[in-house]
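Thank you all for coming; I would like to take a few minutes to walk through a single chain with you. Please have the sequence and the model open while I talk.

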Amino acid sequence: MLFLFFFQALASPVLERMLEHARRSCSSNSRRQIKVLGVPCDAVLSFVRLLYSSKWRSSDKDEVEEMEKHGMHLLALSHTYRVQWLKLVCETCLIVSTENVIDTLKLAKWCDARRLYIKCMVVLTQDLAGVQCTESWRFIQAHDPQLELEILQFIQEKDLRMKRMRRRKEEQGVYMQLVEVLECLDHICTEGCTNVGPLDVDLASKSRGPCGYFSTCEGLQQLILHLPLCAKKLAPGKCTHCKRMWQIFRLHSSLCARTEFCKVPLCKQFRMRKLEEGKGDDEMWRLLVKKVAFARFMSCLEKTKRTEEVWRKAVKCGESSCRSVNSSQRRK
Ligand SMILES: [Zn+2]
Ligand SMILES: [Zn+2]
Ligand SMILES: [Zn+2]
């Protein structure tokens, strides 16, 4: 198809270059022509109109209809003539269904449209059985086995990715629990909680209710109280409670930044022993420390974000109450 049109202001660098080239090669009075081939006339008209308006309105019924009718062609044109904003609109607005998913996927690959590619893969993952009944699927099976393989691999890898993500989430949950345990240990050993605390803090003189993390804190307190009373604590590996408590103390020591004035038992001793023995922790322990340190950092970040939000809300409330006080004073 041959289509002719003129441009004054162009949103496409490709068309701009083509027009410049036509201007140089034609005499000043002759009409400059750019041929747009391979798409229906209506789609080109729609493309030119969108180029001139430089925007697409989702509230406009005609524009929505135009997108439904020529979306695929508009995507191809916006890719060819490098109109990024229109390409993005097409990728977002194109409706992918079981029937058109293969053709849309091919176009997404050709146009290097990553968002649309993922959209197609989601449809394929959700309804592969349905897609396999279509004519397009039979066509790629016969003529494009590479694409068929790519789709099947993506679906398989998606399952693996989901499993990996689930496992990582579970692991992260365990590290977050350890962070909470370490925070509770710190708070028990510095300020005390309910009936357990450091010797220099008079717990009886203060009314100490349970802390915010009491479900974790209570378990830790029981372990702390168990340790001095346990007859098997020195027999290596005999008491699981003692072993767990030692590991918590060791983990605290590995992550503690207070070198001299830490009130947590054995913090300094673990550090000194490591220095005296002159050998570092084993690989597994180093990895655990690294992961807990990261989880602690993330938890701090989360808390800071929450505090900032509370502050922002408080400031907003303050401003609105100030406004209401001022307006009531003005009324007086
Ligand atoms: Zn507590
Ligand atoms: Zn024990
Ligand atoms: Zn410490």
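**A helical chain, from one crossing outward**

Let me begin with a pair of helices: the axes of helix 9, residues 145–190, and helix 11, residues 240–255, come within 10 Å and cross at roughly 85°. An angle between 65 and 115 degrees counts as roughly perpendicular, and helix 9 and helix 11 are therefore described as roughly perpendicular to each other. On the side of helix 9 the contact is made by Leu-178, Val-181, Leu-182 and Leu-185, and on the side of helix 11 by Ile-248, Leu-251, His-252 and Leu-255. Sorted by class, that contact has seven nonpolar residues, one polar residue and no charged ones.

I should say at once that this is a predicted model, and that everything I quote is computed from it. What does the chain consist of, in helices and strands? There are 13 helices and zero strands. Of the 332 residues, 19% count as buried, and among contacts between residues at least 6 apart in sequence, 54% join residues at least 24 apart.

Now to the interior. The largest nonpolar core has 30 residues, and those with the most contacts inside it are Phe-47, Leu-74, Leu-75, Val-101, Ala-108 and Cys-120. The elements that give two or more residues to this core are helix 2 (41–53), helix 3 (61–80), helix 4 (84–93), helix 5 (101–110) and helix 6 (114–126). Apart from it lies another core, of 14 residues, and among them are Leu-182, Leu-185, Ile-188 and Cys-217; you will recognise Leu-182 and Leu-185 from the contact of helix 9 with helix 11.

Going back to the largest core, Ala-108 touches Ala-113, Leu-116, Tyr-117 and Cys-120, if we leave out residues up to four places away in sequence. Ile-102 lies in helix 5, and with 24 C-beta neighbours inside 10 Å, where 20 or more are required, Ile-102 counts as buried. Leaving out residues up to four places away in sequence once more, Ile-102 touches Val-131, Thr-134, Ser-136, Trp-137 and Ile-140. For Ile-102 and Trp-137, which are 35 residues apart along the chain, the C-alpha atoms are separated by 6.9 Å.

Next, some backbone angles. Most residues other than glycine have a negative phi. Asp-112, in the loop between helix 5 and helix 6, is not a glycine and yet has a positive phi of about 55°; with 10 C-beta neighbours inside 10 Å, Asp-112 counts as exposed. Leu-266, found in the loop between helix 11 and helix 12, likewise has a positive phi, of about 70°, although it is not a glycine, and with 17 other C-beta atoms within 10 Å Leu-266 is partly exposed. Just after helix 12, Gly-278 takes a positive phi of about 70°.

Is helix 12 largely in the open or largely buried? Of the 11 residues of helix 12, residues 267–277, the number buried is one, so helix 12 lies largely in the open. Helix 1 is hardly covered either, with a count of one buried residue among its 13. As a check on its geometry, at 1.5 Å a residue the 13 residues of helix 1, residues 13–25, should span 18 Å, and the end C-alpha atoms are 18 Å apart, which agrees.

Definitions and conventions
Residues are numbered from 1 along each chain as its sequence is written. Chains are lettered from A and ligands numbered from 1 in the order in which they are written. This is a predicted model: local features need pLDDT of at least 70, side-chain atom pairs count only at pLDDT 80 or more; totals for chains, interfaces and linings use all residues. A residue is buried if 20 or more other C-beta atoms lie within 10 Å of its own, exposed if 12 or fewer, and partly exposed in between; C-beta atoms are placed from the backbone. Helices (H or I, at least four residues) and strands (E, at least two) are DSSP runs, numbered from the N terminus. A nonpolar core is a set of buried Ala, Val, Leu, Ile, Met, Phe, Trp, Tyr and Cys residues joined through C-beta atoms within 7 Å. Two residues are in contact if their C-beta atoms, placed from the backbone, lie within 7 Å. Axes are lines fitted to C-alpha atoms, for helices over the stretch in contact, and angles run from 0 to 180 degrees between N-to-C directions. Angles under 35 degrees count as roughly parallel, over 145 as roughly antiparallel, 65 to 115 as roughly perpendicular and the rest as oblique. Ala, Val, Leu, Ile, Met, Phe, Trp, Tyr, Cys and Pro count as nonpolar, Asp, Glu, Lys and Arg as charged, and the others, Gly among them, as polar. The expected span of a helix is 1.5 Å times one less than its number of residues.
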